[in-house]
Amino acid sequence: MGSDFSYLIAYKVGAILLLGKMFLFITLPINSAFLAMQKPRIMSLVSVAETGILTILLLYFATSTNLGIVGASLAVLFSYTPTRLIVIPFLISRELSLPFNDIIKPWLRPLLLSFMGWAMLSSAYTVMIQEVQSALAFILCVVLYTIFSLISVPFLVGQQERTLLETIVPKKYMLLFNWPSLLSRRRPA
């Protein structure tokens, strides 16, 4: 990109592409389900549809906006969003006769927490970069993200996963997954 390429633009592009990849990654188990059912054609058709949507969006962003590489990254995000969050869950719902909501609901917490973490870090970095050196701001953001991640873990794990984890994770580390239950326990008077 050259030495005059703005790191802020690279950050925006990276964040947008990461969000698009998140949509891709959360649907990979469904992809595996179609392969296990010996129906790879379904995911192939979804990939063709994504490519078509991406091509149309790239042409739109290239000809109708001045967004440049940010527009290209938005095109990638917008090509994944409808297919990965709506079409693929609908197809597996129909194929397995499962309610659509049962497929989507487990994704909501991770997506919400990821968005909250991204918003928190972006805001914190924007404020910190004005007050301290960029290296220190980066280190502080890493510390903040680590704390946020540790606080978020129990909200990402459901009761069924927690029960499974109790069989393999040593008891002293289960506090990482169960710390909210400590807040709900009442102390004797």
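In this predicted model, Gln 38 counts as exposed because its relative accessibility is 69%, above the 50% that the term requires. Gln 38 sits in the loop that links helix 2 to helix 3. Its backbone is worth a look too: the phi of Gln 38 is near 60°, a positive value in a residue that is not glycine. Most residues other than glycine have a negative phi.

Ser 97 can be read in a similar way. This serine lies in the loop between helix 4 and helix 5, and its phi, near 55°, is positive although the residue is not glycine. With a relative accessibility of 66%, Ser 97 also counts as exposed.

Turning to the interior, the largest nonpolar core holds 23 residues. Phe 23, Ile 30, Phe 34, Leu 74 and Trp 107 have the most contacts inside this core. Two or more residues each come from helix 1 (7-26), helix 2 (28-36), helix 3 (40-64), helix 4 (68-96) and helix 5 (100-131). Helix 4 gives the largest share, nine residues. Phe 34 offers a handy example to trace in the structure: beyond its neighbours within four places in sequence, it is in contact with Lys 39, Pro 40, Ile 42, Met 43, Leu 91, Ile 92 and Glu 95. Another core, of six residues, lies apart from the largest one and includes Val 153, Val 157, Val 169 and Phe 177.

As for confidence, the mean pLDDT of the protein is 84, with 96% of its residues at 70 or more. Confidence is highest in helix 3, at a mean of 91, and lowest in helix 8 (residues 175-184), at 78.

Terms used
Residues are numbered from 1 along each chain as its sequence is written. This is a predicted model: local features need pLDDT of at least 70, side-chain atom pairs count only at pLDDT 80 or more; totals for chains, interfaces and linings use all residues. Side-chain values use heavy atoms; hydrogens and water are left out. A nonpolar core is a set of buried Ala, Val, Leu, Ile, Met, Phe, Trp, Tyr and Cys residues joined through side-chain atoms within 4.5 Å. Buried means under 20% relative accessible area, exposed over 50%, partly exposed in between (1.4 Å probe, protein chains only). Helices (H or I, at least four residues) and strands (E, at least two) are DSSP runs, numbered from the N terminus. Contact means heavy atoms within 4.5 Å. pLDDT is the predictor's confidence in each residue, from 0 to 100.
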